[in-house]
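Thanks for coming. I have one structure to show today, and I will keep to its pockets.

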Amino acid sequence: MTLDVTKTILKEILYLRNLFLQENNFQIRYNSRHERGLTDSYIVMYDKEKIGYGSVAGYENSDDRDTVFEFYIIPSFRHLSSAAFLKLLHSSKALFIECQSNDFLLTALLYEYGQKIHANTILLEESSTSDIKIDKILFRKRSENDVIFEHKAEPVGDYVLELNNEVVATGGFFLHYNMPFADLYMEVKEDCRRKGLGSFLIQELKKQCYLTGRVPAARTGMENVASKATLIKAGLKIAGFLLLGEIKLQR
């Protein structure tokens, strides 16, 4: 019996990727890389059976194909994961491994084959329903007549907070993640921060997210203490971390 990993086209791995998404029932941070044509796909074969796949993209979305960011083996053959992953590394000549810590299979392989491992992003998921109330604040859809303050971190969202006829925060959610998840974002006017507006806005965005048939999720940088606190206050919880490591030389 032979184990082999060869390059293929995206279409050939999609049914296996559906199993990956079903098993990992959480927001996949780089889900849209596939549909944007930013990945190379590899099929894992064992005795002429297709038992898994691997996906490789560019480090920090470069044009290179040097970073393994998805890897899946069907449960019946999971004992072959380590050997299959090593063959993927040899076949793809990847230099890095990137994964979410809540993806247990790839995280285990990251620690087996990686070095200089670090986290750069906190991943958050829905946890509870908050009940934040702030007097005189109106949450509504953004209109074309709104005067929007300068944004420095996030895009201008489809929803706003209004105080005394002034837009003091905007936010929204991205829909290019795996169903049913969406990614929340927001920005508060600089002189209106530290007043609970961010958490209130996230709370209301969560409601809108559900009304569109999506489950809210979010992410923030490791050093962004204020953003993490804002998201947690609005009922999210830490679900994992985005990890990156260099691949150790295989002797």
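I will go through the pockets in order of size, starting with the largest.

Before that, a caution: this is a predicted model.

The largest pocket has a volume of about 680 Å³. Its lining is made up of 27 residues. If you want to find the centre on the screen, look for Met 186, Asn 224, Ala 226, Ser 227 and Thr 230, which are the lining residues nearest to it.

Which elements build that wall with at least two residues each? There are two strands and two helices: strand E10, residues 181-188, and strand E11, residues 215-221, together with helix H4, 197-211, and helix H5, 225-233. H5 gives the largest share, with six residues.

As for chemistry, the lining of the largest pocket divides into eleven nonpolar residues, eight polar and eight charged.

Now the second largest pocket. Here the volume is about 160 Å³, and 17 residues form the lining. Nearest the centre of this one are Phe 26, Gln 27, Leu 124, Glu 125 and Ala 217. Two strands put two or more residues into this lining, E6, which runs over 114-126, and E11. The largest share comes from E11, at five residues. By class, the second largest pocket is lined by nine nonpolar, four polar and four charged residues.

One element to keep in mind is E11. This strand supplies at least two residues to the lining of the largest pocket, and E11 also has the largest share in the second largest pocket.

That is what I have on the pockets.

Key
Residues numbered from 1 in each chain as written. Predicted model: local features only at pLDDT ≥ 70, side-chain atom pairs only at ≥ 80, totals over all residues. Heavy atoms only, no water. 1 Å grid on protein atoms, 1.4 Å probe; cavity = no way out; pocket = protein on both sides within 12 Å on 5 of 7 lines; lining within 4 Å. Points joined across faces, edges and corners; volume = space filled by probe spheres on them. Helix = DSSP H or I, 4+ residues; strand = E, 2+ residues; numbered from the N terminus. Nonpolar A, V, L, I, M, F, W, Y, C, P; charged D, E, K, R; others polar.
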